[in-house]
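Q: I would like a close look at a single part of this model. Please take me through it step by step.

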Amino acid sequence: MTRARMPRPHEVAAARRDPRLLRALRDRRSDEAWRTRGTCQSVDPETFFPAPNEPADAAVELCRSCDVQGSCLAWALEVGDTHGVWGGTTPRERRAMLVAWRGEVESDPDAADTAGPPVRDRLLTLVPLS
């Protein structure tokens, strides 16, 4: 298994201009029930989690026609998911987007009031410490 590398500065700069990321930023709080309407509901989940040596083209193509692509990508970036295809992006693309996402969300004064801690931090508060 290969180790994921940190995205290079030019990859992060390109991610900041990516229309998929801009849509995710716009849609991040607009649709709480996005999962129920995703195109992926009628497809085998394995399609979206190809083996490392297999192309993700089929999953990315399905995502392009999906109405909830922005909300799906926003969720994946919010929780830091770097596996599989989410919102029409591959794990490699999302690593660069994640750096840009964190910069945008942290600098958004409106997001600070409503967002709270990242989802993974909120989930950790539910786990009892023993």
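Which helix do the buried residues of H3 pack against?

A: They pack against helix H4, which spans 69–79. Keep in mind that this is a predicted model.

Start with H3 itself. This helix covers residues 57–64, and its buried residues are Ala59, Val60 and Cys63. Around the helix axis these residues cover an arc of only 100°, so they sit on the same side of H3. Now turn to the face directed away from that buried side. Exposed residues are found there: Asp57, Ala58 and Arg64. H3 thus has a buried side with Ala59, Val60 and Cys63, and a face turned away from it with exposed residues. The buried residues are the ones that meet H4.

Next, follow the chain out of H3. Val68 lies in the loop between H3 and H4. Is a loop residue like this buried or exposed? Val68 has a relative accessibility of 3%. Buried means under 20%, so Val68 counts as buried. What does Val68 touch? Set aside the neighbours within four places in sequence, and Val68 is in contact with Arg23, Asp31, Trp34, Arg37 and Gly38. Arg35 gives a distance to go with this. Val68 and Arg35 are 33 residues apart in sequence, and their C-alpha atoms are 7.9 Å apart in space.

H4 also leads us to H2. The buried residues of H2 are Leu21, Ala24, Leu25 and Asp27. Their cover includes H1, H4 and H5. So H4 has appeared twice: the buried residues of H3 pack against H4, and H4 is among the elements that cover the buried residues of H2.

Look at H2 with H1. The two axes come within 5 Å and cross at roughly 55°. H1 and H2 are therefore oblique to each other. On the H1 side, the residues are Ala15, Arg16 and Arg17; they meet Pro19, Leu21 and Leu22 in H2. This contact divides into 4 nonpolar, no polar and 2 charged residues.

Now H2 with H5. H2 holds residues 19–27, and the axes of H2 and H5 come within 11 Å, crossing at roughly 40°. This pair is therefore oblique too. The crossing of H2 past H5 is right-handed. Here Arg20, Leu21, Ala24 and Leu25 in H2 meet Glu93, Met97, Ala100, Trp101, Glu104 and Val105 in H5. By class, that contact has 7 nonpolar, no polar and 3 charged residues.

H1 meets H5 as well. H1 runs over residues 9–17 and H5 over residues 91–107; they pack at an angle of about 80°, with axes 8 Å apart. That makes H1 roughly perpendicular to H5. In H1, Glu11, Val12, Ala15 and Arg16 take part, and in H5 their partners are Arg92, Ala96, Met97, Val99 and Ala100. The split is 6 nonpolar, no polar and 3 charged residues.

Finally, step back to the whole chain. The chain has 7 helices and 0 strands. Of its 130 residues, 35% count as buried. Take the contacts with a separation of 6 or more: 63% of them join residues 24 or more positions apart. The pair of Val68 and Arg37 is one contact to look up in the structure.

Terms used
Residues numbered from 1 in each chain as written. Predicted model: local features only at pLDDT ≥ 70, side-chain atom pairs only at ≥ 80, totals over all residues. Heavy atoms only, no water. Buried < 20%, exposed > 50% of the residue type's maximum accessible area, 1.4 Å probe, protein only. Helix = DSSP H or I, 4+ residues; strand = E, 2+ residues; numbered from the N terminus. Arc of directions from axis to C-beta. Contact = heavy atoms within 4.5 Å. Axes fitted to C-alpha atoms, helices over the stretch in contact; angles between N-to-C directions. Parallel < 35°, antiparallel > 145°, perpendicular 65-115°, else oblique. Nonpolar A, V, L, I, M, F, W, Y, C, P; charged D, E, K, R; others polar. Left-handed = near helix turned anticlockwise from the far one by under 90°.
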